[in-house]
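I wanted to look up two things here, the packing inside the protein and the contact between its chains, and I kept short notes on both.

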Amino acid sequence: MVFYLAIIIIIRITTTITNDKLSVNQQSQFSEIMKKDINIGLGFKKEIDEEFFSNNTINPDFVEVAPENWIGLGGYWKQVLNKVADKYPIITHGLSLSVGSYDDLDIRFIKQVKSFMNEYDIDIYSEHLSFAKTNNAHLYDLLPIPFREDSIKHVSERIKQVQDIINKPLVIENVSYYTSVEQEILEIDFIKEILHQADCKMLLDVNNVYVNSFNHNYDAYDFIKKLPLDRVEYIHMAGHKKVSDNLIIDTHGESIIDEVYKLFDYTTSLMGNVPVLLERDFNFDDIKGLQYEMDTMREICKNNWI
Amino acid sequence: MKTHESKNKLKFTSGKEIQDSMGHYMLTGDTMKFNNSKEEGLKAYRDLIFNNFEGSIETAFPIFNKILSNKEWELVVADFFENNKSQYNELWKLPKEFVEYFEDKKYAEAFNKPYLNNLLSFEWMEVEVFNMSDVDFPEYKKEGNINTDVLVVNPEYSMDVYDYPIHKINIEKKELDKIQTIIITYRNIKTKNAEYVSLSVLDAFIFEQIIESKISFNKAISIVEKQLNEKLPNDVVSVSEKMFEELLSNSLFLGYKI
Ligand SMILES: [Fe+2]
């Protein structure tokens, strides 16, 4: 990976880019403070909270927090969150909204998220295109919605309902999945149709596209090319783990592999400048490695966007 | 990887049915046959979800985890995982439901460790007080006299009565005699850590007088004496006085009324 930057040029030559760069005229929700030339962020994690204030090892341009892990907290973590908000622009990236569920939306919770966003001057609420609740019980994981026509209609309606409450577009992320279930239509068509029907924004997780293309045997480049990239509000990048010959798990615990950087390079070459966020949920021994990953992404973005 | 053939598959008519069945499989492991699904993938989800449940319980209850045998731990965690209808959006609050579940299902009796309900409540209280929303502090001054000035309490605390001296639990001995115990868990104003203090019945009574009537230590003593209809021996009062001075320096009391 150390030589990654050097080989970008080779990738450039060998990757056939058929799309012209989109002339992006997006109405971004990001506040002006996010408008650096290139914005590379890092998920804020309690395990490494002090690193975000040391100025030595990591220097993200913005951070992302899961509202579920912060709403209503006082004491030590409230002080930390206040410090985070003083230093960084924040994005909320939810876990438990469960837009794909058939259980009623938790309106009280959505309103809590809204006031959390107001309190910390947060513009973005992103969530996963998945379900995390069934039979009136939280599962605390992101399960794949069956790719079916009835799901499209159902999910789109729910996204609209959320948007009505928060009074802004919800930003929906393509999730990684380890099996499809009762699939009737293609994943790409499923995602595109929901983005269209709900008229929401997209959080494009490039690593998830890679993971899914491996797990479900499709062409990641072709998938990216078919996405409505003008809806992308920001990008996620992360590491993953291959646990068997047929399965990659989206762990957020490993370094980003070159294949994913390559797909990221291709993706950014097709679209306009948006913020990019590195997700890391555990394995924090190598803090410098996180900054290296952010630097690598910044270089790729500069090449494509500046 | 094996893809299920159609012969054993269930017939689903809606996305809701499919998702409910997926959820059921995740929590129970009951074999489900879905069209176009991969067994390894389904199993991966079930494992990930279980690890989230188990991890949150293990983090909240480190002493409880050490007291239980492996067999007991596996039994109760698996039962909770399968049958709890988890209501919290926040994974960190899931252990609160575990406390209720454990008590409802009478596991403490089944494991012949009757203090376990208390232990779970005690360990949970530390998590809850550490995380609790900030409460506005009243105005107070640092300088004053404990005997004559009105004490101002740190509002970030919880006073709880236990059937066992649960703070004395020893992970080697795993036994406790039944003795009613009063514990205050509070958030230290400097470190923001949750700390606890065990109070005698007399000190708890004095504490309540101070909170309710907003009075000095001496006033509280005189109320207690009135209620008991006798004068407290000097050495008893001075032990309590020392205790309350300690509570002041530990920030369960913020200081004195201005
Ligand atoms: Fe992501």
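My entries on the interface come first, followed by those on the nonpolar cores.

I note that this is a predicted model, in which local features need pLDDT of at least 70 and side-chain atom pairs count only at pLDDT 80 or more, while totals for chains, interfaces and linings use all residues. Residues are numbered from 1 along each chain as its sequence is written, chains are lettered from A in the order in which they are written, and side-chain values use heavy atoms, with hydrogens and water left out.

**Interface**

I looked up the contact (heavy atoms within 4.5 Å) and found that chain A and chain B each bring 45 residues to it. Between them the two chains bury about 4,000 Å², with 55% of it on carbon and sulfur atoms; this is the accessible area (1.4 Å probe) lost on putting the two parts together, summed over both.

**Cores**

I then turned to the nonpolar cores, meaning sets of buried Ala, Val, Leu, Ile, Met, Phe, Trp, Tyr and Cys residues joined through side-chain atoms within 4.5 Å, where buried is under 20% relative accessible area (1.4 Å probe, protein chains only). The largest has 139 residues, and Met237(A), Met297(A), Phe64(B), Phe102(B) and Leu116(B) have the most contacts inside it. Apart from its neighbours within four places in sequence, Phe102(B) is in contact with residues including Phe64(B), Val76(B), Phe111(B) and Leu120(B). I also recorded another core, lying apart from that one, which has 26 residues, among them Ile210(B), Val224(B), Leu232(B) and Phe253(B).

Note on methods
Buried < 20%, exposed > 50% of the residue type's maximum accessible area, 1.4 Å probe, protein only.
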